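Visitor: I am new to this structure and would like a close look at a single part of it. Could you take one helix and then show me how the rest of the chain is laid out around that choice?

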Amino acid sequence: MIGLISATAAGAAARDRLAAAWPDRTRVYGGPVADAVRAAFAECDRLVCFLATGAVVRLVAPLLHGKADDPGVVCVDEAGRFAVSLLGGHGGGANELAREVGEVLGAEPVVTTATDAVGLPGLDTLGLPVEGDVAAVSRALLDGEAVALRAEVTWPLPPLPVGAEGAYTVRVTDRIVEPADGEAVLRPPTLVVGVGASKGAPVEEVLALVEGALREAGLSAASVAELATVDAKAGEPGLVEAARRLGVPLVTHPAEDLAGVAVPNPSDAPLAAVGTPSVAEAAALVGGGELLVPKRKSAGSPAMATCAVVRRPGRGRLAVVGLGPGARDLLTPRARDELRRASVLVGLDQYVDQIRDLLRPGTRVLESGLGAEEERACTAVEEARRGQAVALIGSGDAGVYAMASPALAEASDDIDVVGVPGVTAALAAGALLGAPLGHDHVSISLSDLHTPWEVIERRVRAAAEADLVVTFYNPRSRGRDWQLPKALAVLAGHRAPGTPVGVVRNASRADESVRLTTLAALDPATVDMMTVVTVGNTATRQIAGRMVTPRGYRWQEETR
Ligand code: SAH
């Protein structure tokens, strides 16, 4: 919950805008400001104060407890120009909140935490628990000192400027370790704890079993990703509460799935009760991995719980990211986040140039020239298989005549894949031309590099007969000059010479050009590989210099 506090009329107006934008996340604290701040500080995870920073500093100073517990505090100035992350930038979430508040109110977020300011991820913002000498290692990273990475398990980490050696260390492990001076320990969620329980098993018995098993095996509870059990135990109070206290989800699996998992210690009791010869071991192993702690029973008599611990295989992550047509503000926020999350970036050199400034220090960039598509796709997948966080980029939408399909054709189910859609050229061009895609439309690539011309021509003919608006991608290059005239001739067999045609070159880039012409008047020589050509259907009109395809044909008749 985000507590909102204001003192003045202007502050209250901004406060109300925020409350209206986030009705479920915010609570307004009225009354005397000092009381309001105290109440919100006690009750909320984060505060937005429409007050001077000095006033807020004085009010919260006596309430401060520690970095781990205090809520994040953001201050917005009277004019609504700045959203200042005042307290709890990382752990309290104030930096993130300042950015979000900035977006809603049109204010500039002000973030002073060092790692954010230089674009380095703070060690405490990687989404993983971190222990040890975090402050010293963060400072070393910031100062550009040598920091060594010691990864004992593979996990797709965001980029960190780390190397093989250094006076400081970032250690990635799920084992219990005593961090040395200058060592920060990251805890990846590698461990799955399978649990079984008899009806009514007490939570204390379950917890003592799980914690004892981890401790004796030298494994850190901070690396536990989930408790896993059989569907029939989804509501077993001792398991539900144990998961809650460990701060992890309780994941359940159907008995049939568990029965199919090979385990070292099957037994008859669970087979009779829930239909699988193993619950704890099978639930831990069902996603694959290495059994670190075989089934063991709790200390009660009779023992009411069992558990087993598995280290799941590190799964790499492949994000296939569309960058949009070129302009920075047509790159989606989600694409930007994925670019900053990846430690390896794979793409065509000219697209890498488009977003290089967004990458975090330490990102490994694997760029290649035109044509090396298969190779790029393979490289991206290989890096993900090695457990890296990889972003494979493409212009427009990465799934449209681009890298997504060759990459996913290579990828197996041992990596996670996320796609981020981008504004494809047909849409960027459409917005510049007017509303050419108002009715059914199709995109056709005129490149016959991978597709025989007969196939392409058949599709153009089908589109012509079906009266579809057509956008040609890859319309013409130096070596491929007869295809566009040929395709236009096919369309002209079914459409009037005056049919509007939009020619958009470098949409949203510095040398953007937009021309509206007709089927008869289009000069193919003005078209190149930076261009898309959109041909209207029989209802498309030029209206006030814009290309407009009506939503239906009847509408067009009525308005004639
Ligand atoms: N994945 C890209 C398309 C790749 S095919 C997308 O979704 O947009 C390459 C073709 O796309 C080019 O030959 C050109 O026809 C078109 N194209 C890509 N970006 C463009 C832009 N900014 N302006 C005009 N055409 C563009």
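Guide: Let us begin with helix α16, which covers residues 425–433 and whose buried residues are Ala426, Ala428, Ala429, Gly430 and Leu433. An α-helix has 3.6 residues a turn, so residues three or four places apart point the same way. Directly after this helix comes Gly434, and the phi of Gly434 is positive, near 135 degrees. The model is a predicted one, and that should be kept in mind for every value given here.

To place the helix in its setting, the chain is divided into domain 1 (2–112), domain 2 (123–186), domain 3 (191–311), domain 4 (317–423) and domain 5 (426–558). The chain as a whole has 19 helices and 28 strands, and of its 560 residues 47% count as buried. Its C-alpha atoms fill a box of roughly 90 × 65 × 55 Å along the principal axes.

A positive phi also appears in two residues that are not glycine. Most residues other than glycine have a negative phi, and most peptide bonds are trans. Asp467 has a phi near 55 degrees and sits in the loop between α17 (453–465) and β23 (469–473); because its relative accessibility is 14%, Asp467 counts as buried. Asn506, with a positive phi of about 50 degrees, is found in the loop between β24 (500–505) and β25 (513–518), and Asn506 is likewise buried, with a relative accessible area of 4%. As for the peptide bonds, a cis bond joins Ser301 and Pro302, with omega about 5 degrees, and Pro302 lies in the loop between β14 (290–297) and β15 (305–311).

Another helix offers a view of the surface, where Glu373, Glu374, Glu382 and Glu410 gather in a patch of negative charge. Helix α14, residues 373–385, gives the most to this patch, with three residues. Glu382, which lies in helix α14, is partly exposed, with a relative accessible area of 43%; this value is over the 30% that a patch residue needs.

Finally, at an earlier place in the sequence, Ala10 lies in helix α1 (residues 9–21) and is partly exposed, with a relative accessible area of 35%. Ala10 and Phe50 are 40 residues apart in sequence, while their C-alpha atoms are 8.7 Å apart in space.

Technical notes
Residues numbered from 1 in each chain as written. Predicted model: local features only at pLDDT ≥ 70, side-chain atom pairs only at ≥ 80, totals over all residues. Heavy atoms only, no water. Domains from an automatic or database assignment. Patch = residues over 30% accessible without salt bridge, like charges linked within 9 Å, V, L, I, M, F, W, Y side chains within 5 Å. Areas by Shrake-Rupley, 256 points an atom, 1.4 Å probe, with all protein chains shown as cover. Salt bridge = Lys/Arg side-chain N within 4 Å of Asp/Glu carboxyl O. Lys, Arg positive; Asp, Glu negative; His and termini not counted. Charge placed at Lys NZ, Arg CZ, Asp CG, Glu CD. Helix = DSSP H or I, 4+ residues; strand = E, 2+ residues; numbered from the N terminus. Buried < 20%, exposed > 50% of the residue type's maximum accessible area, 1.4 Å probe, protein only.
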